[in-house]
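Got the viewer open? Here's a short walk through the model, one selection at a time.

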Amino acid sequence: MTTTEIKTNDRTTAEATTVRPNPTTAAPRLNFAKAAPKAFRAVIGLDAAAREGLDPDLVELVQIRASHLNRCAYCLHMHTTDARRAGESEDRLHMVAVWQEADHFFTAREQSALALTDAVTRIGDAGVPDEVYDRAAAHFTEEELAHLLALILTINTWNRIALSTAKRAGTDER
């Protein structure tokens with residue numbers, strides 16, 4: 001693993017370059033669903049509850065964005081495939097990674113959800129700034145906002161499960 005020092009705002013932080021296992025050559029890792037079935041079912045339950053009342057297209061955009069940020073190829077492949085099947089355009093799928101520069105591809109509501117996804121996924125960087133939270137709160141009811149937060153937390157959990165167990169992109173094992 002290589003590390004580079006970055007100086008920001010009079011603080012020095014280390015940015016690590018992640019060396020990920022190659023799923024095609026790495027030794028098999030545990031099957032999380034079999035090894036911890038109650039925990040796995042609990043995440044499935046949270047995932048299902050989080051989606052309630054949210055637009056399915058928005059759900060996929062949030063899951064795609066978090067998976068980009070977490071560099072989870074397994075989840076990114078799964079959610080872009082699901083979004084395509086649901087009729088999402090290739091243009092929008094390609095623009096999720098750079099949504100701030102391509103904001104005209106997304107509604108104000110979607111942009112606020114993507115901004116919140118960025119902040120919650122990168123929570124260790126700066127927390128969730130008030131302006132990001134307030135922007136989302138302006139576009140979602142309190143109940144929708146709670147579900148959106150649960151969705152963001154859930155996809156981050158799925159990303160971490162997939163990455164730590166070396167799930168292989170394209171296998172779509174659910």
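Select Arg-51 and Asp-47 to begin: the two form a salt bridge, with their closest N and O atoms 2.4 Å apart. Bear in mind that you're looking at a predicted model. Both residues belong to helix H2 (residues 37–51), and because they sit four residues apart there, about one helical turn separates them. Now switch on a surface. Arg-51 is partly exposed at 30% relative accessible area, whereas Asp-47 is buried at 9%.

How many salt bridges does the structure hold? There are seven, so let's visit a couple of others.

Next, pick Glu-90 and Arg-84. Here the closest N and O atoms of the salt bridge are 2.5 Å apart. Glu-90 is partly exposed, with a relative accessible area of 35%, and Arg-84 is partly exposed too, at 38%.

Then move to Arg-92 and Glu-88, whose side chains meet in a salt bridge at 2.5 Å, N to O. Buried or exposed, in the case of Arg-92? Buried: its relative accessible area is 14%. Glu-88 also counts as buried, at 13%. Add Glu-110 to the selection, and you have a network: salt bridges with shared partners join Glu-88, Arg-92 and Glu-110.

Time for the cysteines. Show Cys-72 and Cys-75 as sticks. The sulfur of Cys-75 is the nearest cysteine sulfur to Cys-72, 3.4 Å away, and Cys-72 is in no disulfide. Why not? A disulfide needs the two sulfur atoms within 2.5 Å. Cys-75 is likewise in no disulfide, and a search of the whole structure finds zero of them. Both cysteines are tucked away from the surface: Cys-72 is buried at 1% relative accessible area, and Cys-75 is buried at 3%.

Keep those two on screen and add Ser-67, which lies in helix H3 (residues 56–70). Ser-67 is buried, with a relative accessible area of 1%. Its side chain reaches the backbone oxygen of Gln-63 at 2.8 Å. Beyond its neighbours within four places in sequence, Ser-67 is in contact with Cys-72, Cys-75, Leu-76, His-79, Ile-155 and Asn-159.

For the last stop, select residues 142–164, which make up helix H9. This helix has 23 residues and reaches 33 Å from first C-alpha to last, close to the 33 Å expected at 1.5 Å a residue. What follows H9? Look for Ala-166, whose phi is positive, near 55°.

Definitions and conventions
Residues numbered from 1 in each chain as written. Predicted model: local features only at pLDDT ≥ 70, side-chain atom pairs only at ≥ 80, totals over all residues. Heavy atoms only, no water. Buried < 20%, exposed > 50% of the residue type's maximum accessible area, 1.4 Å probe, protein only. Polar contact = N/O pair within 3.5 Å; in protein donor to acceptor, adjacent residues only side chain to side chain. Contact = heavy atoms within 4.5 Å. Expected span 1.5 Å × (residues − 1). Salt bridge = Lys/Arg side-chain N within 4 Å of Asp/Glu carboxyl O.
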